[in-house]
Amino acid sequence: MSLFKADYSGASVLPSPNHGARADGCAPDIILLHYTGMATELGALAWLCNPESQVSCHYFVHEDGRVVQMVPEERRAWHAGKSVWAGETDINSRSIGIEIANGGHPAGLPDFPDIQIQAVIELCLDCGRRLGIAPERVLAHSDVAPVRKVDPGEKFPWAKLHAAGVGHLVEPLPVQGGRFFQRGDVGQPVEALQSMLSLYGYGIEVTGEYDDRTEGVVAAFQRHFRTERVDGIADMSTIGTLHRLLSSLPKFS
Ligand SMILES: [Zn+2]
């Protein structure tokens, strides 16, 4: 495949053959963040360029902060897989995919170096500005594919991104005692919880039953917004943080 000109001036180009056309009328309005979850950066890059892998991303951020563009932004990269957000299921057609080199859960959740996070911030600011992407549409892979995906993980420094103007976040309520809901519970409070998660964008049906899916979506929410404890149990801190997050959305405040 021939070279293309990087859309982000801070990136060098390493083309991946794994991409296609975005669905009709779809422009990217989500930035989706991933970790590579592989032992080495070179292994991850090779995989993202291998036609057999059928996966790719728009941008790859090395641990030392170098940014590589692998797919032109106008094209549909293949990073989200089976996903849903705010009722949309073709997340690849709606997003810019950023792979952040990090060993992830298999490697015991190593820290993301500051220089790497700074590069992610600058890239997201640039994409957000050029493409007009709302802060609350900067998402984790785990947000759009709960249960199935856990990246970029609960140690990803969302607060640093938010402090620099990237993403949507509120101060989480501290974990403490009190009433909570968990798998097997049924009734109106579970319905209310599911409604709030759905309203924020998570792919969850309002059934009133705290089933496996609900547990997985609550864990995904915690992994991004209440990282102190990721257990899929809707305690008061989780529910309060979710409420605070919803209230701070521009459309509700
Ligand atoms: Zn991912």
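Student: Is Asp 64 buried, partly exposed or exposed in this structure?
Tutor: In this predicted model, the relative accessibility of Asp 64 is 39%. Buried would require under 20% and exposed over 50%. Because 39% lies in between, Asp 64 counts as partly exposed.

Student: Which residue forms a salt bridge with Asp 64?
Tutor: The closest N and O atoms of the pair are 2.9 Å apart, and a salt bridge needs such atoms within 4 Å. The partner is itself partly exposed, at 47% relative accessibility. The residue is Arg 66.

Student: How many residues apart along the chain are Glu 215 and Arg 183?
Tutor: Glu 215 and Arg 183 form a salt bridge, with closest N and O atoms 3.0 Å apart. Glu 215 belongs to helix H7 (residues 212–225), whereas Arg 183 lies in the loop between H5 and helix H6 (188–200). The pair therefore links distant parts of the chain, and Glu 215 counts as partly exposed at 21% relative accessibility. The separation in sequence is 32 residues.

Student: What is the relative accessibility of Arg 183?
Tutor: Arg 183 counts as partly exposed. The lower limit for exposed is over 50%, and Arg 183 does not reach it, because its relative accessibility is 49%.

Student: Which residues are joined into one network by salt bridges that share partners?
Tutor: The structure holds 13 salt bridges. Where salt bridges share partners, they can join residues into one network, as happens here. The members are Asp 29, Glu 88, Arg 94 and Arg 137.

Student: How many residues apart in sequence are the parts tied together by Asp 29 and Arg 137?
Tutor: The side chains of Asp 29 and Arg 137 meet in a salt bridge, at 2.9 Å from N to O. Asp 29 lies in the loop between strand S2 (19–21) and strand S3 (30–35), and Arg 137 lies in the loop between helix H3 (114–131) and strand S8 (138–140). The pair therefore ties together parts whose separation in sequence is 108 residues.

Student: Is Arg 137 buried or exposed?
Tutor: Its partner Asp 29 counts as partly exposed, at 21% relative accessibility. For Arg 137 the relative accessible area is 15%. Because buried means under 20%, Arg 137 is buried.

Student: Which residues form a positive surface patch?
Tutor: One of the members lies in the loop between strand S6 (75–77) and helix H2 (91–94). That member, Lys 82, counts as exposed because its relative accessibility is 73%. The patch is formed by Lys 82, Arg 148, Lys 149 and Arg 213.

Student: What is the phi of Ala 86?
Tutor: Most residues other than glycine have a negative phi. Ala 86, found in the loop between S6 and H2, has a positive phi although it is not a glycine. Ala 86 is partly exposed, with a relative accessible area of 47%. Its phi is about 50 degrees.

Student: Where does Val 147 lie?
Tutor: Val 147 also has a positive phi, near 75 degrees. Val 147 is exposed, because its relative accessible area is 58%. Its place is the loop between H4 and H5.

Student: Which residues are joined by a cis peptide bond?
Tutor: Most peptide bonds are trans. Here, however, a bond with omega of about 5 degrees is cis. One of its residues is found in the loop between helix H4 (141–144) and helix H5 (158–163). The residues joined are Asp 151 and Pro 152.

Student: What distance separates the C-alpha atoms of His 243 and Val 68?
Tutor: His 243 has its place in helix H8 (residues 236–247), where it is partly exposed with a relative accessible area of 47%. Along the chain, His 243 and Val 68 are 175 residues apart. Their C-alpha atoms are separated by 37 Å.

Student: What is the radius of gyration of the protein chain?
Tutor: The secondary structure comes to eight helices and eight strands, and the C-alpha trace spans about 55 × 40 × 35 Å along its principal axes. Of the 253 residues, 51% count as buried. A compact globule with 253 residues would have a radius of gyration near 18 Å. The value for the protein chain agrees with this, because it is 18 Å.

Definitions and conventions. Residues numbered from 1 in each chain as written. Predicted model: local features only at pLDDT ≥ 70, side-chain atom pairs only at ≥ 80, totals over all residues. Heavy atoms only, no water. Patch = residues over 30% accessible without salt bridge, like charges linked within 9 Å, V, L, I, M, F, W, Y side chains within 5 Å. Areas by Shrake-Rupley, 256 points an atom, 1.4 Å probe, with all protein chains shown as cover. Lys, Arg positive; Asp, Glu negative; His and termini not counted. Charge placed at Lys NZ, Arg CZ, Asp CG, Glu CD. Helix = DSSP H or I, 4+ residues; strand = E, 2+ residues; numbered from the N terminus. Buried < 20%, exposed > 50% of the residue type's maximum accessible area, 1.4 Å probe, protein only. Rg over C-alpha atoms; globule rule 2.2 N^0.38 Å.
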